[in-house]
Every structure is written in C-alpha cells, then in structure tokens.
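Visitor: I should like a close look at one part of this model, beginning with a single side chain and following the packing from there. Please keep to what can be read from the atoms.

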Amino acid sequence: MSAQLSHEFFDELKEKTARVNALIEPFYPEKGSFNAEVVEAMNYSLRAGGKRLRPMFILETLSMYGGDVRKAAPFMAALEMIHTYSLVHDDLPEMDNDEYRRGLKTTWAVYGQGMAVLAGDGLLNYAYETAAGALAAAEDETGLRRAARALSILAGNAGISGMVGGQCADLMSEAGRRPESPELLRYIHTNKTARMIASGLTIGAVLAGAPDEDVRKLDSIADAVGIAFQIRDDLLDVEGDAAVLGKATGQDALDGKMTYITVFGMDKAKEDVVRYTEEALVLFDALTASNPFLRNLLISLVDRDR
C-alpha cells in the first residue's frame, strides 16, 4: 500500500514533523536549582528523535474540523511526554532491557536506572501539568468542556484501562504467568499501543468540536491502526534492519515474547497488518471531514522500516 505514497507526501511529513516540534518544544521543562539532573534526563528523552506521530494526529484531526492550534498545543506536548515516559520505562532492565533506541543510548544507559525511573515519573506528571494549563486558558464554557473532555481522554488512555493495563498484561505474559492466546494478544495491542494512538486521533477532534459520531469512529480507527502498527513492530523485529531501526532485532525471540507472529504465524501477520489498515481507511472515509495527508499517514504505517 505504501507504493501509493508520493515523494511529496514524505516531504510534507518532514515539514509537519518540524512544525510539531516547534509547537511542543516551548512546553519542555526548565531546570531548577536542585532538580537539574532529572530535568536534563527528561529533556534528553524528549529530544531523542521520534516521528511525533501522536501529537501530529492531534494537529491533523484538529485541522480537519477547523480547530485552534493554540488550544491543542498543550495536549500535543502532553501526549508526547506520556509516550516518551512509557518508552523510558519500557527500556529499563526490568522491562525490555534496551540500551539503544533510535540509534541513541537509552535514558537509563546514560543517566542510570534510578534517574530514568524519575525521568519517566517526571514526564508523566509534567504532561498532566501541561495539559491542565489548557483548562485554565479556556475562553468560555464550551472551550472548558472540550478541554476537560480531552484531559479525560488523555488520562484514561494512558492509565490502567489503557496503556498501563496493556503493559501489565504484556509483562505477565513474558513472565509466563498468563498463557498465550489471541484474546490476550489483542488486549495487549489494543491497550498498550492503540489507546495512545486513540488519544492522538480523538483529542484534536474533541477540541475542534467534531460530531460525537466522528469521535467514536476515530476511536475505532485508532484500534485498527494500533493493532496494525504493533503487528508491523513484530514483523520488524524479525525482518528489520538493525541499522535502520536504531536497535537490535530478534529480541522478541530471545526473550520468548508473545507476538502476533508467535500466535498467528508470519503469513497471517503480513495479511492482517494490511487488513486492519484497510478497516481503518473504510472508517476514515466515512467521516464527515477529510484530510488526505492524515489518510496517507495512516497508510504509511503499514510497511515502515523503523
């Protein structure tokens, strides 16, 4: 499917990534007298690269429905902080034990395990401080209601009924304390990966006042895209180029980790990453607003190389 995408799309993607960075960087934390080390570790993690997909989703759905980017920027920064904290903690020796991410040393490998835990904690809490600022800046009751709903989405998708719940199930599976099953795998992918994408796709729409039916469809799109995204991650761990990925491949097999491939096999994994993406596109085309770039962005996730 990615063969359909033009060079112009990827040029536009670079431009939009730069715009997202410009919008979120003013919200990064500043050092104080006695917290300099943890703030340095937080900012190291935030500036370690990445596609900025989740805040980009907010920006793109916001633009679909004619929203004000000034009202979305705090949520864009907050979502990237939450995503980054999850990566910082995922990389720890007690979790995935990764020393490299995106070609750079991981936060714990640079600052130590204790400081990496604090950096993750700091990013999560600072994310909510940042997002809460949008409530204080609301200009009227409608804006306040929309910001409050967006904050509820942000918190819920990141918590025990979202990403943390999915990470818990994943950890228990790795420890052999939950038997492998398609149902468990779907729970992990839906919560660990898709819920954070759902925050990106729905928060911008909510802030812009999109119809509730569209917000529900965007949430369903996130589920399909999130599962496809995670299947692609599983495939990359088997077939990917470590130099391109910026981290070692084959780690899932070494860890005995349950993946889409171990449950369903390589062929079905390749089929389903396309099937889930096509399901997402059908829903996307049924929305009351359009955004060709965002549609192409969803397609680009199918067979990315990193």
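Guide: In this predicted model, F264 counts as partly exposed, because its relative accessibility is 30%. Y260 is a different matter: with a relative accessibility of 4%, it counts as buried. Both residues belong to helix α13, which runs from 260 to 264, and as they are four residues apart, about one helical turn separates them.

The aromatic rings deserve attention next. A pair of such rings is described by two quantities, the distance between the centres and the angle between the planes. The structure contains four aromatic pairs. In one of them, the ring centres of F9 and F293 are 5.3 Å apart and the planes stand at 35°, so this pair is classed as tilted. The link joins distant parts of the chain, since F9 sits in helix α1 (residues 7-24) and F293 in helix α15 (residues 292-300), with their positions 284 residues apart. Both F9 and F293 are buried. The pair of Y260 and F264 is likewise tilted, because its planes also meet at 35°, with the ring centres 4.5 Å apart. A single aromatic cluster is formed by F9, F10 and F293.

From F9 the path leads to L297. Apart from neighbours within four places in sequence, L297 is in contact with F9, L13, L53, M56 and F57. L297 is also prominent in the largest nonpolar core: of the 86 residues there, F57, Y65, F75, I221 and L297 touch the most other members. The helix that gives the most to this core is α9 (residues 182-208), with 12 residues.

Helix α9 also takes part in the packing of α7, where the buried residues pack against α4, α6, α8 (163-174) and α9. Those buried residues are G143, A147, A150, I153, L154, N157 and A158. Seen down the helix axis, they fall within an arc of 120°, so they line one face of α7. On the face turned away from that buried side are the exposed residues E141 and S152. The 18 residues of α7 should span 26 Å at 1.5 Å a residue, and the end C-alpha atoms are indeed 26 Å apart. At the start of this helix, a side-chain oxygen of D140 comes to within 3.3 Å of the backbone nitrogen of T142.

One of the partners of α7 is α4. Of the 22 residues in α4, 19 are buried, which leaves this helix mostly covered. Its end C-alpha atoms are 31 Å apart, in agreement with the 32 Å its 22 residues should span at 1.5 Å a residue. A78 lies in α4 and is buried, because its relative accessible area is 0%. Leaving aside neighbours within four places in sequence, A78 is in contact with A127, A131 and L154. The C-alpha atoms of A78 and A132 are separated by 9.4 Å, although the two residues are 54 apart along the chain.

Two of those contacts, A127 and A131, are listed among the buried residues of α6, which also include A116, A119, G120 and L123. Helix α6 (residues 113-136) has 24 residues, and its first and last C-alpha atoms are 35 Å apart, close to the expected 34 Å. Its buried residues are covered by elements including α2 (36-46), α4 (69-90), α5 (107-111) and α7 (141-158).

Within α2, S45 is buried, because its relative accessible area is 5%. A polar atom of the S45 side chain lies 2.8 Å from the backbone oxygen of A41. Leaving aside neighbours within four places in sequence, S45 is in contact with T84, V88, T107 and L123.

Two loop residues complete the tour. R52, in the loop between α2 and α3 (53-64), has a phi near 60°, a positive value in a residue other than glycine. R52 is buried, because its relative accessible area is 6%. N97, in the loop between α4 and β1 (100-101), is not a glycine either, yet its phi is positive at about 55°. With a relative accessible area of 44%, N97 is partly exposed.

Notes. Residues numbered from 1 in each chain as written. Predicted model: local features only at pLDDT ≥ 70, side-chain atom pairs only at ≥ 80, totals over all residues. Heavy atoms only, no water. Expected span 1.5 Å × (residues − 1). Buried < 20%, exposed > 50% of the residue type's maximum accessible area, 1.4 Å probe, protein only. Contact = heavy atoms within 4.5 Å. Core = buried A, V, L, I, M, F, W, Y, C linked by side-chain atoms within 4.5 Å. Polar contact = N/O pair within 3.5 Å; in protein donor to acceptor, adjacent residues only side chain to side chain. Arc of directions from axis to C-beta. Phe/Tyr/Trp six-rings, centres within 6.5 Å; stacked < 30°, edge-to-face > 60°.
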